[in-house]
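Open the structure in a viewer and keep the selection tool at hand. The stops below can be followed in order.

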Amino acid sequence: MRRGEVALFTLPPELAYGASGRAGIPPNAVVQLEVELLSWITVVDVCKDGGIIKKILENGEQIGPPGDLDEVRVNYKAMLVDGTIVADTRDEGVEFYIKDGHFCPALVKAIKTMKKGERVNLVVQPQYGFGEVGKKSNELPSIPPKSTLSISAELLSFKRVIDITGDLKVKKKVLREGEGTVTANEGAAVTDRNYLWITKCRCNSGSVSLLVRYKAMLEDGTVFERKGIDGEQPLEFITDEEQTIVGLDRAVSTMKKNEYALVTISPEYGFGSTEVKQDLAVVPPSSTILYEVEMLDFVREKAPWEMSNAERIEAAAWKKEEGNQLFKNGKYQRAAKKYDKVLQAADYVGEDGYLTGDDEKVVKSLRVSCWLNGAACSLKLNNFGEAINLCSKILDVESCNVKALYRRAQAYMGISELHSAEMDIKRASEADPHNREIKLIQKSLKQLQAESNRRDAKLYKAMFPSTSKDASTAAKRLKTGEDDTRDEYVSAMEAGNASVDQAASDTTAKT
């Protein structure tokens with residue numbers, strides 16, 4: 001039945017009063033009952049073992065339940081079975097973090113099942129209360145051992161706490177919920193309602209300036225910086241561009257319009273182990289810092305699928321140039337991200353079914369260029385597997401691309417795949433016999449092969465100490481001039497590294 005429903009039930013004798021009947025009801029009588037469902041109380045076995053029985057007295061809003069990191073405000077009163085009050089927060093309630101616990105285990109377990117505004121009554125068995133030891137109190141009556149408790153509780157409100165980085169080192173406590181479901185992302189623009197839109201942006205690249213209003217503090221409350229408050233100008237920056245500390249950058253990217261939050265940032269995502277002088281105070285080494293941040297508005301960067309072909313190509317060209325500049329400045333990780341975005345945009349060109357021959361040529365050129373440049377970034381970051389993958393993509397479409405062969409050979413040498421490196425160098429030398437960089441890396445490879453042969457000879461000798469005199473002679477021959485060869489090897493590798501740097505620089509300038 002539903003609330004307010006009225007129904008007529010007809011009961012046969014065997015389901016009513018049977019053959020014996022009762023006062024006023026004859027034996028074997030068919031009984032009719034008119035029933036109206038006025039209300040009901042939902043009862044939940046919280047732990048599925050009868051230890052915490054929750055009766056819902058009033059349903060809450062469609063907000064919740066809170067999570068382990070969240071801060072909650074709860075009003076509750078706890079009593080013994082005889083009605084003795086052993087805890088009472090009065091009407092104002094008490095605030096605490098779920099993860100820190102409060103009063104007894106049952107209270108926290110029940111709150112994690114409640115929604116904002118929900119009122120409940122809990123029947124708590126000793127194992128979820130205070131067990132066999134009870135609880136002594138100076139102000140209220142003590143709780144005897146093995147006591148069953150009755151707790152009436154209301155979840156007044158809660159503030160969501162989000163683990164931004166997944167390691168609890170950047171946490172965002174939402175002090176005021178934002179609007180809608182859309183958050184700022186890379187390239188989003190934020191503005192204070194007291195300021196006009198600032199559009200110092202290259203619209204072709206989709207990157208837009210941000211304006212953020214915040215107050216930054218140490219854990220003791222010392223304010224070391226303000227932006228956009230008390231007449232101060234707001235901070236203008238672009239997310240994911242290392243224009244502010246990593247923790248603030250990551251947290252702002254998760255905020256909604258009009259959201260107000262407290263961000264707690266550990267040193268690893270803040271200023272690290274160094275002392276930093278800020279506008280209003282000095283931040284000591286290894287300081288945990290807090291930011292009260294308000295997101296008042298933002299404009300999201302267009303995604304590739306939201307653009308026309310012309311916009312995709314133009315945005316890709318801008319991002320490629322940005323990547324090249326980052327590479328020249330030694331920002332290899334960020335440069336690689338830019339090249340990835342170029343490739344994402346290029347993948348969407350022609351999705352609408354229209355692609356000219358000229359567009360196709362431009363897209364191919366962008367792809368090859370960004371694969372090359374991405375491989376250069378991977379080499380700088382010692383990510384040899386990714387460098388091999390990117391160069392192989394180029395060689396699938398341009399089998400004699402000398403730069404791709406050269407960089408893949410470098411990567412193979414980085415993981416000691418010397419035979420594969422030798423094959424790529426041979427192909428590159430055949431395609432461009434006079435290339436200086438190819439000759440230098442060829443010399444470096446020979447040195448690596450010589451070192452590998454010496455190691456193999458020592459290993460062979462250790463495994464088979466009674467081998468033939470010829471094998472021993474061969475090992476000695478390999479060892480002859482070892483010091484001179486090592487010096488030549490070091491010099492060759494230094495020359496090879498210098499050529500790698502020059503080649504990468506040439507690529508970013510030319511491709």
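Begin with Asn382, which comes after helix H5 and has a positive phi, near 60°. Bear in mind throughout that this is a predicted model.

Next, select H5 itself, residues 357-380. Its 24 residues should span 34 Å at 1.5 Å a residue, and the C-alpha atoms at its ends are 35 Å apart, so the two values agree.

Now move to the strands. Select S10, residues 161-163, together with S11, residues 170-176. The two run antiparallel and are joined by 3 bridges. To see the register, show Val161 and look across to S11, where Lys173 stands opposite. Between the strands of this hairpin there are 6 residues, and Gly166 has a positive phi near 85°.

Keep S11 selected and add S18, residues 260-265. Which way do S11 and S18 run relative to each other, parallel or antiparallel? They are antiparallel, with 6 bridges between them. For a reference pair here, pick Val170, which has Ile265 of S18 opposite. S11 therefore has bridges to S10 on the one hand and to S18 on the other.

For the last stop, switch to a surface view and select Met1, Phe9, Leu33 and Val35. Together these residues make a nonpolar surface patch of about 320 Å². Leu33 can be located in strand S2, residues 31-36. How exposed is Leu33? Its relative accessible area is 39%, and because this lies between the limits of 20% for buried and 50% for exposed, Leu33 counts as partly exposed.

Conventions:
Residues are numbered from 1 along each chain as its sequence is written. This is a predicted model: local features need pLDDT of at least 70, side-chain atom pairs count only at pLDDT 80 or more; totals for chains, interfaces and linings use all residues. Side-chain values use heavy atoms; hydrogens and water are left out. Two strands pair if DSSP finds at least two bridges between them. Helices (H or I, at least four residues) and strands (E, at least two) are DSSP runs, numbered from the N terminus. The expected span of a helix is 1.5 Å times one less than its number of residues. Patches are made of residues with over 30% relative accessible area and no salt bridge: like charges are joined within 9 Å, nonpolar side chains (Val, Leu, Ile, Met, Phe, Trp, Tyr) within 5 Å. Accessible areas come from the Shrake-Rupley method with a 1.4 Å probe; for residues, only the protein chains shown count as cover. A salt bridge is a side-chain nitrogen of Lys or Arg within 4 Å of a carboxyl oxygen of Asp or Glu. Buried means under 20% relative accessible area, exposed over 50%, partly exposed in between (1.4 Å probe, protein chains only).
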